[in-house]
Amino acid sequence: MKNFFKGASCFLAAAMLAGIWGMQVKAQEEDVILSGIYIEDMSLGGMTVSDAKAMVENYVDSLSDKVITLTIMDGNSVEITPADVGLSWNNPTVVEEAAKIGQSGNVVQRYKAAKDLQYENMVFDLELAVDKELVKTILTEQCAVFNVAAADATLSRNGGGFVVNPGQTGLIVDEAASETLISEFFGSEWNREDASLQLEVIVDEPRGEEEELAKVKDVLGTFTTSFRTSGPPRSANVRNGCALINGATVYPGDEFSTYEAVSPFTEANGYYMAASYLNGQVVDSLGGGICQVSTTLYNAVLLSELEVTERHNHSMIVTYVSPSADAAIAESAGKDFKFINNTGAPIYIEGITTDDKNITFTIYGMETRDSGRQVRYESEVISQTHPDTEVIYPNPSLPVGSVSVQSAHIGYRANLWKVVTENGQEVSREQINSSSYKMAPRTATVGVATEDPNIYNQMMEAIGTNSIDYVKSVAAALSTGEAPPPPLETAPPEGAPAEGTPPEAPPAEAAPAPEQPAEAAPEG
């Protein structure tokens, strides 16, 4: 009898357990999540996997208009929303994991899992993620605009001495560190409310301690050219370009770009229309004359023995320096004059122009060369090519009597040599560059517009002689109503030097021809 009651008791307990778990098993078969399971504060109890996922996704979407203020520096900030950085749910598989609770093990183990949830909820984390490319774009396009670059300390001249102008500390958004900061904030730290986040900033210290700048006191090199024959526009361009370079402080190892210092070639930047070279012709362009500035600086740099990293000769010869001693700038051709401060101290570039139209660049630094060492530069002309013809262009849109002449240019090939002496004895001779200058014939543009066919024929007959001087005499006579000179029987000998032709090897400070061209936007 005793065994009977014992067996009946066991049977009854088993039946109770079976009844309790009948509902649980049925629920699990329908993929319904047990009560007491949460993702953050969202209850998943009684939901299917798909319903639970939909609920969480809707919640994440509801966060998209929260305002996150990215604080940068100096009171600057940028407001973004989670939608701007592509906020997304990063661990959706946690729902499947929640649905498996109470499904594994025997009946007792499942019962225990369900019972445990009645006493303590099981809470899963909601993991969020952002699109790193969108974060990068915000940092680059919206936050980096508040960057303040460091400004190195500079020098200025005052009464023959130097004054140190303190630099400015730079503050720059650390984009890599800030990207990580934003990702981690949304991934694990965000409380799902409006928030503020301080971005990472790099402090960029300026260069130029007073002790270092005090080393700048010696003249390393100085050079002068003349622009006495230049008209007002070209003279103004030379003065303007010189002023834009004057006062530059270049630290050891830094490269100086003349083009960057003097550009852009616009009226707003102080430039006027003046003569420059373009395709073998002299044309007016904004900044004509600027290459006399770069050329003068080039020679001062050579005498200072700084490292030249880019230099181009003009397309045609200039007269204010010897062949191969020029340095052209051409915006359209990408020509620049650059050099590196290869000394152990900063250098200071002083540029001045005088009332009698001289331009001088002087480079100051710390002299380390021996006092007996002297440097000079010699121009060597390898060959010359003289024009062997004249070219005349009739222009039917200009009136008869109008003649515009451009001088011929001799073609040159030349080398520049650096000669070093020590205590008066030559110790080295090194070729610095090799330059080739185009030959250009003397040309004239002649007006032939007239209603009188006789005058037109006379003008065209004069043009046919291919003599610019004869054309000029005929044009002068026709414009005053006088009888033109008799026609030439033969064209004048070709190849004679034309007016304005530069000397074979002009001295370093020779005056340029009137309105001597130099390069700006056109090549010259």
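In the predicted model, Gln292 is situated in helix α10, which spans residues 290–304. With a relative accessibility of 0%, Gln292 counts as buried, because burial is assigned to residues under 20%. The side chain of Gln292 is engaged in a polar contact with the side chain of Thr225, at 3.0 Å. Helix α10 itself lies across strands β13, β20 and β21, and runs at about 145 degrees to β13.

The strands crossed by this helix belong to an open sheet of four strands, arranged in the order β13-β21-β20-β14 with antiparallel pairing. The edges of the sheet are occupied by β13 (218–226) and β14 (248–250), each of which has a single partner strand, so that one side of each is left without a neighbour in the sheet. From one strand to the next, the twist averages 15 degrees. At the β14 edge, three bridges join β14 to the antiparallel strand β20, which comprises residues 347–353, and Val250 stands opposite Ile347 of β20. Helix α8, formed by residues 232–245, also packs on the sheet, where it touches β14, β20 and β21 (358–365), and the direction of α8 makes about 160 degrees with that of β20.

As to the nonpolar interior, the largest core contains 43 residues, and those with the most contacts inside it are Ile37, Ile39, Leu70, Cys143, Phe186 and Trp190. At least two residues of this core are supplied by each of several elements, namely the strands β1 (37–39), β3 (68–71), β4 (77–80) and β11 (195–198) and the helices α2 (49–62), α3 (94–99), α5 (132–143) and α6 (175–189). Another core, of 39 residues, lies apart from the largest one and includes Val238, Tyr271, Ile290 and Val321. Within the largest core, Phe186 is one of the residues with the most contacts; when residues up to four places away in sequence are not counted, Phe186 touches Ile68, Pro82, Val85, Leu87, Leu128, Val130 and Arg192.

Considered as a whole, the protein has 12 helices and 27 strands, and buried residues make up 40% of its 524 residues. Among contacts with a separation of 6 or more, 76% are accounted for by residues 24 or more positions apart. The protein exposes about 26,000 Å², of which carbon and sulfur atoms supply 51%.

Terms used. Residues are numbered from 1 along each chain as its sequence is written. This is a predicted model: local features need pLDDT of at least 70, side-chain atom pairs count only at pLDDT 80 or more; totals for chains, interfaces and linings use all residues. Side-chain values use heavy atoms; hydrogens and water are left out. Buried means under 20% relative accessible area, exposed over 50%, partly exposed in between (1.4 Å probe, protein chains only). A polar contact is a pair of N or O atoms within 3.5 Å; within protein, one must be able to donate a hydrogen and the other to accept it, and residues adjacent in sequence count only if both atoms are side-chain atoms. Contact means heavy atoms within 4.5 Å. Accessible areas come from the Shrake-Rupley method with a 1.4 Å probe; for residues, only the protein chains shown count as cover. A nonpolar core is a set of buried Ala, Val, Leu, Ile, Met, Phe, Trp, Tyr and Cys residues joined through side-chain atoms within 4.5 Å. Two strands pair if DSSP finds at least two bridges between them. Axes are lines fitted to C-alpha atoms, for helices over the stretch in contact, and angles run from 0 to 180 degrees between N-to-C directions.
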